[in-house]
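Work through the exercises below with the structure open beside you. Try each task before reading its solution.

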Amino acid sequence: MSPSSLATLGPDGLLRFRGGIFRCAIGKGGRRADKREGDGATPIGLLPLRRVLYRADRLAPPRCTLPVGPIAPEDGWCDDPMHADYNTQIRRPHPARHEELWRVDAIYDVIGVLGWNDAPVMRGRGSAIFLHLARPGFSPTEGCIALEQSELLRVLAEGLTGIEVSDSTRS
C-alpha cells in the first residue's frame, strides 16, 4: 500500500484522504486498540481495504482499484466467534449468528471490506469491520467507519486502499 492511497482517521472523527476532509461515523464504543467482538468499537491500526461489495439493484459498480462484486439477498457475514466461519462472508441460511448484507436500509449499498482480524482470524477479536454508508445524522456504527454516499464513492474512485485509524491527536 502506497502512503498516498491511505486515508487517516483521527480522534476528531474526520477522514483525511488526498487533500479531502470527510465527516464520518465510527463505532459507538469509540476506538480501541484492544478491539473485541461486540464492544461496538472501531479498531485502532491500519485497516487495508480488501475488496468492495455493492447492491447492484440500487447502484452501478463503484469505480475503484480493488476487486468489486455484487451482493445477493443470501449474503451475510458470520459474527459468531465460536463458529469456523467467524469473520467471513457466508451464504444464508447459515447455522451460526451472522449479519445480513442485503439490508432494507441503504447503509450496505456499498461495503468496503476492511482488513481487520482476517489474517489470521482470531476468535473474539472483532468481525465485520466495514467502510459503508452513513446513516442520516451520522449516528454511530457497531464498529465500522461510515461516510456519506457521494464521499465514499469519491474516495474509492480516487484509489483508497486502506485507512489508518489513530488514537493520536496528530492525524
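**Exercise 1: A small sheet**

Strand β8 (residues 75-78) pairs with β9 in the antiparallel sense, over three bridges. This is a predicted model.

Task: Find the bridge partner of tryptophan 77 in β9, then give the strand order of the open sheet.

Solution.
- Step 1. Start at tryptophan 77; its bridge partner in β9 is glutamine 89.
- Step 2. Extend to the whole sheet. It is open, has three strands and runs in the order β9-β8-β10, with antiparallel pairing.
- Step 3. Look at the edges. β9 (89-91) and β10 (98-100) each have a single partner strand, so one side of each is left without a neighbour in the sheet.
- Step 4. Add the twist. From one strand to the next, it averages 40 degrees.

**Exercise 2: Nonpolar cores**

Task: Which residues have the most contacts inside the largest nonpolar core, and which elements give two or more residues to this core?

Solution.
- Step 1. The largest nonpolar core has 27 residues; Ile145 and Ile163 have the most contacts inside it.
- Step 2. The elements that give two or more residues are the strands β1 (6-9), β2 (14-17), β6 (45-54), β11 (110-114), β12 (130-133), β13 (145-147) and β14 (162-165), along with the helix α1 (149-157).
- Step 3. Take isoleucine 163 as the case to inspect. Leaving out residues up to four places away in sequence, its contacts include Leu6, Leu9, Leu15, Leu47, Leu114, Leu131 and Ile145.
- Step 4. A second, separate core has eleven residues, among them Leu101, Ile111, Val113 and Cys144.
- Step 5. Set this against the general trend. In soluble globular proteins, nonpolar side chains tend to be buried together.

**Exercise 3: Unusual backbone**

Most residues other than glycine have a negative phi, and most peptide bonds are trans.

Task: Where are the cis peptide bonds at proline 93 and proline 120, and which loops hold asparagine 87 and phenylalanine 138?

Solution.
- Step 1. Arginine 92 and proline 93 are joined by a cis peptide bond, with omega about 0 degrees. Proline 93 lies in the loop between β9 and β10.
- Step 2. The bond from alanine 119 to proline 120 is also cis, with omega near 0 degrees. Proline 120 sits in the loop between β11 and β12.
- Step 3. Asparagine 87 has a positive phi, near 60 degrees. Its loop is the one between β8 and β9.
- Step 4. Classify asparagine 87 as buried or exposed. Buried means under 20% relative accessible area. Asparagine 87 has 6%, so it is buried.
- Step 5. Phenylalanine 138 has a positive phi, near 55 degrees. Phenylalanine 138 is in the loop between β12 and β13.

Methods: Residues numbered from 1 in each chain as written. Predicted model: local features only at pLDDT ≥ 70, side-chain atom pairs only at ≥ 80, totals over all residues. Heavy atoms only, no water. Pairing = 2+ DSSP bridges. Helix = DSSP H or I, 4+ residues; strand = E, 2+ residues; numbered from the N terminus. Axes fitted to C-alpha atoms, helices over the stretch in contact; angles between N-to-C directions. Core = buried A, V, L, I, M, F, W, Y, C linked by side-chain atoms within 4.5 Å. Buried < 20%, exposed > 50% of the residue type's maximum accessible area, 1.4 Å probe, protein only. Contact = heavy atoms within 4.5 Å.
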